[in-house]
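Colleague: Could you take me closely through one part of this model, namely how its helices lie against one another? I would value a connected account rather than a list.

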Amino acid sequence: MVCYFKPENIEKLHAGREDMHRQFAELRDRFLGRKYQTERGHEFAYHGFSRRLGTMVRAVDVVFEKLPPELDEIPERDTVVDATLTIQAFVMNAFGCLDNLAWIWVCEKAVLNAAGRELESLRVGLGPKSKEVRASFSKEFLAYLDKRQGWIDKHLKGFRDSLAHRIPLYIPPFIVTPETVDKYNELEKASGDAIQKGDFELYDKLQAEQRVLGIWRPWMTHSVTEKSPRAVFHAQLLQDYVTIDEFAREMLAERGQGNKSEGSPARGGPEGAAPIRGCGFASILHGAQC
């Protein structure tokens with residue numbers, strides 16, 4: 001079976017992973033090395049954002065170890081499930097990172113409501129609905145948030161909301177080409193008949209024959225009926241990490257603590273996401289051969 005990625009793009013994916021580790025170490029040190037004015041701001045920085053960011057980095061490592069870009073054969077089901085669980089954890093923590101950044105700001109800047117009281121939890125965020133929080137930002141930072149809102153709404157929030165409330169993220173065990181789909185469906189029907197008759201030995205045999213027809217693809221999606229987007233998960237995880245990293249650096253710059261997007265890798269990336277060193281990610285992120 002032919003590997004999904006071209007050799008030069010496998011190298012670039014691994015390079016992107018190395019970049020991620022470098023960026024994480026530098027950004028974590030900046031958050032942990034700061035003196036916070038409030039105990040709650042300290043907690044959100046140390047035990048919220050920084051911990052989530054570390055979890056995301058480890059999630060990327062696990063996925064690359066379980067299902068490496070070099071993989072050219074259908075992996076075992078348990079391996080795919082392990083990677084799926086890891087990606088689900090990544091998505092939830094990526095979403096949580098944005099909330100944690102908002103909480104750090106609210107606690108450290110003492111952002112209050114119109115009555116001078118603490119904001120309700122649902123009012124704390126970086127999006128358009130968090131009016132009190134956004135009123136405390138500069139025009140430049142608001143412009144940055146508006147630029148990235150499409151990525152949040154169409155991608156991160158879409159995957160997170162489906163994961164939490166509807167259909168969880170899913171890595172197909174394999175795909176079937178148009179040339180073999182009829183044979184696959186024939187075996188699928190025969191497998192169902194075998195199950196109804198209680199012939200599990202025949203069922204296992206037919207399932208094995210189906211597997212031979214399959215091709216491995218490193219894709220993730222969620223709902224078929226919702227026509228959810230399909231993404232190449234190695235590239236998508238790196239892209240999403242870099243975008244969260246960029247949010248954090250922009251927030252530090254808003255607080256007057258360094259250059260915006262300091263340390264971000266260059267080139268590539270779909271609309272609304274931060275750049276990353278990569279291999280034509282506008283195509284690879286959505287399932288084209290790379």
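Modeller: In this predicted model, helix H1 (residues 7–32) and helix H2 (residues 39–66) have axes that cross at roughly 165 degrees, and because an angle over 145 degrees counts as roughly antiparallel, H1 and H2 are therefore roughly antiparallel to each other. Their axes come within 11 Å, and H1 passes H2 in a left-handed crossing. On the H1 side the contact includes Leu13, His14, Arg17, Met20, His21 and Phe24, with Leu27, Phe31 and Leu32 further along, while H2 contributes residues among them Ala45, Tyr46, Phe49, Leu53, Val57, Val60 and Phe64, together with Ser50, Gly54, Asp61 and Glu65. Sorted by character, the residues of this contact of H1 with H2 comprise 13 nonpolar, four polar and three charged. An α-helix has 3.6 residues a turn, so residues three or four places apart point the same way.

H2 itself deserves a closer look, since Ala45, one of the residues that meet H1, is also where H2 bends by about 30 degrees. Across its 28 residues, H2 reaches 39 Å from its first C-alpha to its last, which is close to the 40 Å expected at 1.5 Å a residue.

H2 also packs with H3, and here the axes come within 8 Å and cross at roughly 160 degrees, so that H2 and H3 are likewise roughly antiparallel to each other. The crossing in which H2 passes H3 is left-handed, and the residues of the contact of H2 with H3 divide into 19 nonpolar, eight polar and five charged. Helix H3 (residues 77–109) has 33 residues, which at 1.5 Å a residue should span 48 Å, and this agrees with the 48 Å between its end C-alpha atoms. After H3 comes Ala110, whose phi is positive, near 50 degrees.

Further along the chain, helix H6 (residues 181–196) and helix H7 (residues 200–213) pack at an angle of about 165 degrees with their axes 8 Å apart, and they are therefore roughly antiparallel to each other, in a crossing that is left-handed. From H6, the residues in this contact are Lys183, Tyr184, Leu187, Glu188, Ala190, Ser191, Ala194 and Ile195, and they meet Phe200, Leu202, Tyr203, Leu206, Gln207, Glu209, Gln210 and Leu213 of H7. The residues of the contact of H6 with H7 divide into ten nonpolar, three polar and three charged.

Key
Residues are numbered from 1 along each chain as its sequence is written. This is a predicted model: local features need pLDDT of at least 70, side-chain atom pairs count only at pLDDT 80 or more; totals for chains, interfaces and linings use all residues. Side-chain values use heavy atoms; hydrogens and water are left out. Axes are lines fitted to C-alpha atoms, for helices over the stretch in contact, and angles run from 0 to 180 degrees between N-to-C directions. Helices (H or I, at least four residues) and strands (E, at least two) are DSSP runs, numbered from the N terminus. Angles under 35 degrees count as roughly parallel, over 145 as roughly antiparallel, 65 to 115 as roughly perpendicular and the rest as oblique. A crossing is left-handed if the near helix is turned anticlockwise from the far one by less than a right angle, and right-handed if clockwise. Contact means heavy atoms within 4.5 Å. Ala, Val, Leu, Ile, Met, Phe, Trp, Tyr, Cys and Pro count as nonpolar, Asp, Glu, Lys and Arg as charged, and the others, Gly among them, as polar. The expected span of a helix is 1.5 Å times one less than its number of residues. The bend at a residue is the angle between axes fitted to the seven residues ending there and the seven starting there.
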